[in-house]
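Q: Please take a close look at one part of this model. I would like its geometry, its contacts and its setting in the chain.

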Amino acid sequence: MAVPKKKTSKSKRDQRKATWKRKAALQAQRALSLGKSVLTGRSTGFVYPQPDEEEE
């Protein structure tokens with residue numbers, strides 16, 4: 001026969017949510033940093049296509 005599971009405490013729920021948000025914030029910070037680096041042209045560890053310049 002099926003038995004209901006125990007209820008998860010609010011503190012455990014909040015702890016999981018905080019961990020998830022902290023990971024998301026860290027990834028957003030890294031993405032912003034990489035974007036700034038690419039825009040300034042100072043990035044060394046990121047390869048992206050350069051626009052082709054035609055010589056005449």
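The part in view is the helix, and the answer moves from its length to its residues and then to the chain around it.

A: Start with a caution: this is a predicted model. The protein chain has one helix and zero strands. That helix, α1, covers residues 10-40, which makes 31 residues.

Length comes next. A rise of 1.5 Å a residue predicts a span of 45 Å for α1. The C-alpha atoms at its two ends lie 45 Å apart, so expectation and model agree.

Two pairs give local distances. K12 sits in α1. From K12 to R22 is ten residues in sequence, and their C-alpha atoms are 15 Å apart. A18 also belongs to α1. Its partner for comparison is T8, ten residues away in sequence. The C-alpha atoms of A18 and T8 are likewise separated by 15 Å.

What happens just after α1? There G41 adopts a positive phi, at about 80°.

Now the side chains. A search of the whole structure turns up one salt bridge. It joins D14 to R13. Their closest N and O atoms are 3.2 Å apart, which is within the 4 Å cut-off for a salt bridge.

How covered are these residues? Partly exposed means a relative accessible area between the 20% and 50% limits. D14 has 40%, so D14 counts as partly exposed. R13 has 44% and is partly exposed too. K12 falls in this class because its relative accessibility is 43%. A18, with 35%, is also partly exposed.

The whole chain gives the setting. Of its 56 residues, 2% count as buried. The exposed surface comes to about 6200 Å². Carbon and sulfur atoms supply 55% of that area.

Overall shape can be checked against a globule. A compact globule of 56 residues would have a radius of gyration near 10 Å. The protein chain has 23 Å instead. Along the principal axes, its C-alpha trace spans about 80 × 25 × 15 Å.

Charge completes the picture. The protein chain carries 14 positive and 6 negative charges. The mean positions of the two sets are 42 Å apart.

Taken together, α1 has the span expected from its residue count. G41 follows with its positive phi. The R13 and D14 pair supplies the salt bridge. Around these features is a chain with 2% of its residues buried and a radius of gyration of 23 Å.

Definitions and conventions. Residues numbered from 1 in each chain as written. Predicted model: local features only at pLDDT ≥ 70, side-chain atom pairs only at ≥ 80, totals over all residues. Heavy atoms only, no water. Helix = DSSP H or I, 4+ residues; strand = E, 2+ residues; numbered from the N terminus. Expected span 1.5 Å × (residues − 1). Rg over C-alpha atoms; globule rule 2.2 N^0.38 Å. Buried < 20%, exposed > 50% of the residue type's maximum accessible area, 1.4 Å probe, protein only. Areas by Shrake-Rupley, 256 points an atom, 1.4 Å probe, with all protein chains shown as cover. Lys, Arg positive; Asp, Glu negative; His and termini not counted. Charge placed at Lys NZ, Arg CZ, Asp CG, Glu CD. Salt bridge = Lys/Arg side-chain N within 4 Å of Asp/Glu carboxyl O.
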